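Thanks for coming. I have one model to walk through today, and I will take it from the sheet outwards.

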Amino acid sequence: MNTIKERIDHVNGQIMQGNILGVFDEMYADNVVMQENSDEPRTGKPANRAYEEQFVAALEGFHGAEIRSVSVNEEAGTSSVEWMMDFSLKGMGRMVREQVAVQRWENGKIVHERFYYKG
């Protein structure tokens with residue numbers, strides 16, 4: 001994987017296969033900052049992995065996902081992915097979420113990711 005396009009395609013493929021935590025460990029930098037909409041950012045791999053673990057543990061069912069678009073700017077070191085996901089969470093039931101995830105890359109790893117969605 002030499003390009004950001006190859007890397008983000010790998011990340012997306014692993015997510016589609018349900019390997020959320022594995023690809024997080026592989027492709028996210030130790031100093032990664034992640035943010036949901038306008039919420040306070042989470043800093044560092046341990047804090048963000050704990051958040052991802054909570055999400056995975058809360059999943060009751062994964063009913064499907066679709067990648068609607070992927071944009072990459074190799075020179076700027078950025079990518080964005082437009083998702084539609086259909087899943088069920090414990091205590092919340094089934095939901096369909098449309099979101100855009102925007103990533104910044106350094107040295108082959110995601111160093112910043114922000115998610116934009118309703119709800």
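Before the first count, a definition: two strands pair if DSSP finds at least two bridges between them. By that rule β3 and β4 are joined by 12 bridges and run antiparallel. One caveat to keep in mind throughout is that this is a predicted model.

Let me stay with that pair. β3 and β4 make a hairpin with four residues between the strands. In the turn, Gly-77 has a positive phi of about 75°. For a register mark, Gly-64 has Asp-86 in β4 as its bridge partner.

The next pairing along is β4 with β5, again antiparallel, over 12 bridges. This is a hairpin too, with three residues between the strands. Its turn contains Gly-91, where phi is positive at about 80°. The register mark here is Met-85, which stands opposite Arg-97 in β5. As for burial, β4 is mostly covered, with nine of its 12 residues buried.

Now the whole sheet. How many strands form the sheet, and in what order? There are six, in the order β2-β1-β6-β5-β4-β3, forming an open sheet with mixed pairing. The edges are β2, residues 42–43, and β3, residues 59–73, each of which pairs on one side only. At the β2 end, two bridges join that strand to β1, residues 28–36, and the two run antiparallel. Val-33 has Thr-43 in β2 as its bridge partner.

On to what lies against the sheet. Helix α1, residues 4–16, packs on it and touches β3, β4 and β5. The direction of α1 makes about 170° with that of β3. Helix α3 lies across β1, β2, β3 and β4 and runs at about 60° to β1.

One residue in α1 gives a sense of the distances. Gly-13 lies in that helix, and its C-alpha atom is separated by 9.8 Å from that of Ile-67, although the two are 54 residues apart along the chain. Is Gly-13 buried, exposed or partly exposed? Its relative accessibility is 26%, so Gly-13 counts as partly exposed; the cut-off for buried is under 20%.

Next, the aromatic residues. The structure holds two aromatic pairs. Phe-24 and Tyr-28 are stacked, at 4.7 Å centre to centre with 25° between the planes. Both of these residues are buried. The other pair is Phe-55 with Phe-87, which is edge-to-face, at 5.7 Å centre to centre and 80° between the planes. What does that second pair tie together? Phe-55 lies in helix α3, residues 45–58, and Phe-87 in strand β4, residues 78–89, so the contact ties together parts that are 32 residues apart in sequence. The two partners are not equally covered: Phe-55 has 27% relative accessibility and counts as partly exposed, while Phe-87, at 2%, counts as buried.

Two charged side chains also sit over rings. Arg-42 lies over the face of Tyr-51, at 3.6 Å from the ring centre. Lys-45 lies over the face of Phe-24, a member of the stacked pair, at 5.9 Å from the ring centre.

A word on the other strand in the middle of that order. His-112 lies in β6, residues 109–117. With a relative accessible area of 15%, His-112 is buried. Which residues does His-112 touch, leaving out those up to four places away in sequence? They are Val-32, Val-33, Val-102, Gln-103 and Arg-104. Val-33 is the residue already mentioned as the bridge partner of Thr-43.

Last, the chain overall. Its secondary structure comes to three helices and six strands, and from the N terminus the elements run α-α-β-β-α-β-β-β-β. The radius of gyration is 14 Å, close to the 14 Å that the globule rule gives for 119 residues, so the chain is as compact as a globular protein of that length. Along the principal axes, the C-alpha atoms fill a box of roughly 40 × 30 × 25 Å. Of the 119 residues, 38% count as buried. Among contacts between residues at least 6 apart in sequence, 45% join residues at least 24 apart.

That is the model. I will take questions now.

How values were computed. Residues are numbered from 1 along each chain as its sequence is written. This is a predicted model: local features need pLDDT of at least 70, side-chain atom pairs count only at pLDDT 80 or more; totals for chains, interfaces and linings use all residues. Side-chain values use heavy atoms; hydrogens and water are left out. Rings of Phe, Tyr and Trp (its six-membered ring) pair if their centres lie within 6.5 Å; planes under 30 degrees apart count as stacked, over 60 as edge-to-face and the rest as tilted. Buried means under 20% relative accessible area, exposed over 50%, partly exposed in between (1.4 Å probe, protein chains only). A charge sits over a ring if NZ of Lys or CZ of Arg is within 6 Å of the ring centre and within 35 degrees of the ring normal. Contact means heavy atoms within 4.5 Å. Axes are lines fitted to C-alpha atoms, for helices over the stretch in contact, and angles run from 0 to 180 degrees between N-to-C directions. The radius of gyration is taken over C-alpha atoms; the globule rule is 2.2 Å times the number of residues to the power 0.38.
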